[in-house]
Amino acid sequence: MKIVYTDNNATTRTADEVIQEMLPYFGELYGNPSSMHTFGDKVDRKIKQARQRVADLINADIEEIIFTSCGTESDSSAIYTAIHAYPEKKHLITSNVEHPAIKSLYQYLEQTQGYKVTFVPVDNKGLLDLDILYGSMTDNTAIVSLMWANNETGVLFPIEEIAKKVNEKGILFHTDAVQAVGKIPIDVKKAGVDMLSLSGHKLHAPKGVGVLYVKKGFKFSSFLMGGHQENGRRGGTENTASIIGLGKACELARENLPVINTSVRELRDYLQAQLLEKIPSSSVNGDLDQRLPNTLSIGFDAVEGESILLMLDREGICASSGSACTSGSLEPSHVLMAMKVPFKSAHGSIRFSLSHYNTKDEMDIIIAALAPVIHKLRQMSPFWKDGKVV
Ligand code: PLP
């Protein structure tokens, strides 16, 4: 069966060019980049090239790039850096739609380490309440951390505008840009952020490699103590092949950005328009304009997201639901709840996230499959009668 993969916000296919770039570093070029000999130095030079390629994608300088093991580690390192830099400041700010990589850490710091946390709310389009954000910043705030793009809805926060205000207050600003990098242009200098997280597997590099950008001049607190790798800022022998793969993926991402903003956006808009037209009582979650070009979160009243996914899975279609199904909870996702999406459509919400590997034929396969799936599920639903929600 042909797989139609539309779950690229969960993870992406490693690009063939990336795999080719990595292969020698699993095999014949196995030297340690810290070694004195030429054999190790060859790997070191390739890592330098990867660092440059990452820096070029986000307009950073190479010494501002720290390789990590994933987006989660980058996020944690940023927050711990802030709380080590300002141990006397006991207030933290974030939004109430963050990825668990930030949300769980903030909750942990609040529940066990005496921090007070402001979780800034969003409106029903997923847009941040800027008045509450700016009103909550005080001299006691150690860091503001906000995602650039939401993983479930694709909604974008106005990071450049926010960074300016946070900087004026003299507060550190971190952005979790894991879903944004490679999908929209990012310029850390123009944005004025102090720290930024990204993750390889969201932009066609392998899993298990990430980056934390730390603005020059700011003292980064090492999260992993050990050797002097990453300029003494993260101990541990480098994940050489993956770092080199990430470098290649960043180079490709620069070339592909216009494609994401045109062809991928067109595919997403086509899928969205067709589903809204063909399936009654369906609605898009999130702001239609301030949104990643590849993401569609769409709710179908009176059905269960998990049931839709299982039925699509039988047709080879990979998408995802916002429900916290892994935790065994039947609650819809915290993102849709924070947006106050009505319960009956939040429950039946699924996310399609595209990449430049998707085609129009694949969108047509999804469109043809989904209408009968929703129809069938509604026939069994206690919330659906005579063609409407009850
Ligand atoms: N932040 C966001 C917004 C994400 O979507 C993800 C992954 O889904 C992460 C952080 C965590 O990244 P990683 O899987 O590399 O740890």
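A polar contact is a pair of N or O atoms within 3.5 Å. Keep that cut-off in mind for the first stops. The model on your screen is predicted.

**Stop 1: the ligand**

Select K202 and the ligand. An N or O atom in the K202 side chain sits 2.5 Å from an oxygen atom of the ligand. That distance counts as a polar contact because it falls within 3.5 Å.

Now add D176. Its side chain has an N or O atom 2.6 Å from a nitrogen atom of the ligand.

Next, pick G71. Here the backbone takes part: one of its N or O atoms lies 2.8 Å from a ligand oxygen atom.

Which residues come nearest to the ligand? Show T72, D176, Q179, S199 and K202. They belong to a group of 13 residues around the ligand.

**Stop 2: two domains**

Zoom out. Colour residues 4-10 and 257-389 as domain 1. Give 16-253 a second colour; this is domain 2. Note that domain 1 is made of two stretches of the chain. The centres of the two domains, taken over C-alpha atoms, are 29 Å apart.

**Stop 3: where the domains meet**

Select the residues in contact across the boundary. Domain 1 gives 26 of them, and domain 2 gives 29. Together the two domains bury about 2300 Å². Carbon and sulfur atoms account for 57% of that area.

Highlight L257, L292 and H334. These residues supply 27% of the area that domain 1 buries against domain 2, more than any other three residues.

Which charged pair should you look for here? Select D287 and K125. They form a salt bridge, with 3.9 Å between the closest N and O atoms. Across this interface there is 1 salt bridge. Polar contacts across it link 12 residue pairs.

Stay on the domain 1 side and show its elements. Those giving two or more residues to the touching side are α9 (240-278), β10 (295-300) and α11 (334-338). The largest share, 4 residues, comes from α11. By type, this side divides into 10 nonpolar, 13 polar and 3 charged residues.

**Stop 4: a link between distant parts of the chain**

The structure holds 20 salt bridges. For one of them, select R351 and D7. Their side chains meet with 3.1 Å from N to O. How many residues apart are R351 and D7 along the chain? The gap is 344 residues. R351 is in strand β13 (residues 349-353). D7 is in the loop between β1 (4-5) and α1 (16-22).

Definitions and conventions:
Residues are numbered from 1 along each chain as its sequence is written. This is a predicted model: local features need pLDDT of at least 70, side-chain atom pairs count only at pLDDT 80 or more; totals for chains, interfaces and linings use all residues. Side-chain values use heavy atoms; hydrogens and water are left out. Domain bounds come from an automatic or database domain assignment. Contact means heavy atoms within 4.5 Å. Buried area is the accessible area (1.4 Å probe) that two parts lose on being put together, summed over both. A salt bridge is a side-chain nitrogen of Lys or Arg within 4 Å of a carboxyl oxygen of Asp or Glu. A polar contact is a pair of N or O atoms within 3.5 Å; within protein, one must be able to donate a hydrogen and the other to accept it, and residues adjacent in sequence count only if both atoms are side-chain atoms. Ala, Val, Leu, Ile, Met, Phe, Trp, Tyr, Cys and Pro count as nonpolar, Asp, Glu, Lys and Arg as charged, and the others, Gly among them, as polar. A residue is near a molecule or strand if one of its heavy atoms lies within 4 Å of it.
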